Amino acid sequence: MDTVIKNLRRTYEHLTGNQRLTANDVKYSIVCNVLLKELGYDAMDFDFDGKADENRYDMAVKISAEEKLLIKTKSIYTKLTSAYIDALVDDIECFGTEWGLLTNGRDYILLNSSIEPQKSKDDDAPSPSVVFWFDIYKSKDKSKNSLKYFRYLDKENIFATQKTKFFRDIAQYRAWLGEKSSQDNWPAVKNTLYQFFDFYADSTKQYNGLGEINSDDFTRFIAYKQDAKSSLRPIRSKESIHNNFSHIFGMLSAYKKKKKMDLSFSYPHEEVLVVSTPKKKEDISHLNAENILKIIDIYKSRDNALRNTTIFLLCVSFGLDRKGIKELKWRDIDLKKNTATTGGRVIKLNKTLSQYLNELKLEQTKEQAETGYVFTAFHKGKYKPVSEATINDVFDRLYEYDKNDIWELFSPAYVRRGLIEQLFRCNYSLDEIMYLTGLKVGSITKYITMERIILRQATNTSSKRLPLFDGVLDKE
């Protein structure tokens, strides 16, 4: 599927670089000549300007006498809004079919008309008919789907094996949840469901509903996540296994209730569920100068690069926790004096952090993303302060971006422990460590044992500070 994405990008860039791309250019040059052919659709089945009563469609791909894929194209300058989505859903229903595709050459939205809508007070709530929404340039955009699922747009998965219906069922589940799906835990639920049904689709010949899924399938899914060859993040605790189970069980239970479906899915015997051996959290040696620079480089070419790098640097510099990051406001930052105020403490910014904060401020001003908070996320058409789930995701994505086991250790808490250790090794006094990190007096021995404190006092003849992390954050 990587080849399909590369060809779509190549065609899109060629056309946008040479002309003003219209809806017809998208239709013929991108959809017909690249997308549909790459996804296994036959050009002999392409049909243009169909009509039924007063309704017409731009384009359809005939699959059988009863089935067709309706396609609506827009120019690259057109934002794909809910109005366009609803209009295409109306056309799909009018022509008595189930699937439709809306695109402007960059975004690809797969729609299904059979999804039952749920009443919502939220006007910004996503259309329940959206099964997938891809941006061919943003695989990691949390508001869109990962491009690894792009294969479910092909003819084989939508119409032959119908495996794409597993993801239609996820969209239906979200519609049933209604406003509950806007809560912070939905991204985690969605992630589990997508991973599970992607795995399950590969292990079954075709879609036969959800009633056949059982505990053996869940056991195999957990075993697959633990396999070193899997691209999924390994599970490190029984609690994570329970969470995965509850996410899947929640969806299947909803189908049992709504669709009167038989359910054979139950929690497996504990002994068959294998948990990967976790890395020792005490090993904080991986927070070092080399890895700090590497992490900055990893974030550099990714979405939200400035925001995510700055979050990481604040953890490295001050040991901020999730709450401190989430609640930090621009009024707490003095970019002229290069200081930050947190918890009543005024702390000097290192050169690298100061640079990133200045650039982040400029970016927010340019994108009109100012909320008063230092860290924001775009959600439901507006910028809002980041959630703790988003902060977790900043660190979780390190392993996704660079498959190195050490990145699984990284979190705000891990970085905080590493910073405190570094400060102690670099001859900062206990008072200075507590001031810089906000560490309470009674908590100091959780990070530095009394034996080490006494030993340093007895043997360290020099009280001169050493540069933190070899001084990499204070270099020009």
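Me: Which residues line the largest cavity in this structure?

Reply: In this predicted model, L35, L36, L39, Y41, L69, L101, L110, L153 and I158 do.

Me: How is empty space like that found, and what is the volume of the largest cavity?

Reply: The general idea is friendly enough: rolling a probe the size of a water molecule over the atoms shows where empty space is left. Here, the largest cavity comes to about 40 Å³. The search of the whole structure turned up 1 cavity of 30 Å³ or more. By class, its lining has 9 nonpolar residues, with no polar and no charged ones.

Me: Then let's turn to pockets. What lines the second largest pocket, by class?

Reply: You will find 13 nonpolar, 3 polar and 4 charged residues there. The volume of this second largest pocket is about 400 Å³. Of its 20 lining residues, S317, K348, Y428, L436 and L468 are the closest to the centre. Three elements each give at least two residues to the lining: α10 (305-318), β9 (345-348) and α15 (430-437).

Me: How far apart should the end C-alpha atoms of helix α8 be?

Reply: Count 1.5 Å a residue, so the 22 residues of α8 (residues 238-259) should span 32 Å. The end C-alpha atoms are 31 Å apart, which agrees. Just after α8, K260 has a positive phi of about 55 degrees.

Me: Which residues of α8 are buried, and what covers them?

Reply: The buried ones are I241, N244, F245, H247, I248, M251, L252, A254 and Y255. Their cover includes α5 (165-177), α6 (186-203) and α7 (215-226).

Methods: Residues are numbered from 1 along each chain as its sequence is written. This is a predicted model: local features need pLDDT of at least 70, side-chain atom pairs count only at pLDDT 80 or more; totals for chains, interfaces and linings use all residues. Side-chain values use heavy atoms; hydrogens and water are left out. On a 1 Å grid over the protein atoms alone, a cavity is a set of points where a 1.4 Å probe fits but cannot get out, and a pocket is an open set with protein on both sides within 12 Å along at least five of seven lines; lining residues have an atom within 4 Å of a point. Grid points are joined across faces, edges and corners, and a volume is the space filled by probe spheres set on the points. Ala, Val, Leu, Ile, Met, Phe, Trp, Tyr, Cys and Pro count as nonpolar, Asp, Glu, Lys and Arg as charged, and the others, Gly among them, as polar. Helices (H or I, at least four residues) and strands (E, at least two) are DSSP runs, numbered from the N terminus. The expected span of a helix is 1.5 Å times one less than its number of residues. Buried means under 20% relative accessible area, exposed over 50%, partly exposed in between (1.4 Å probe, protein chains only). Contact means heavy atoms within 4.5 Å.
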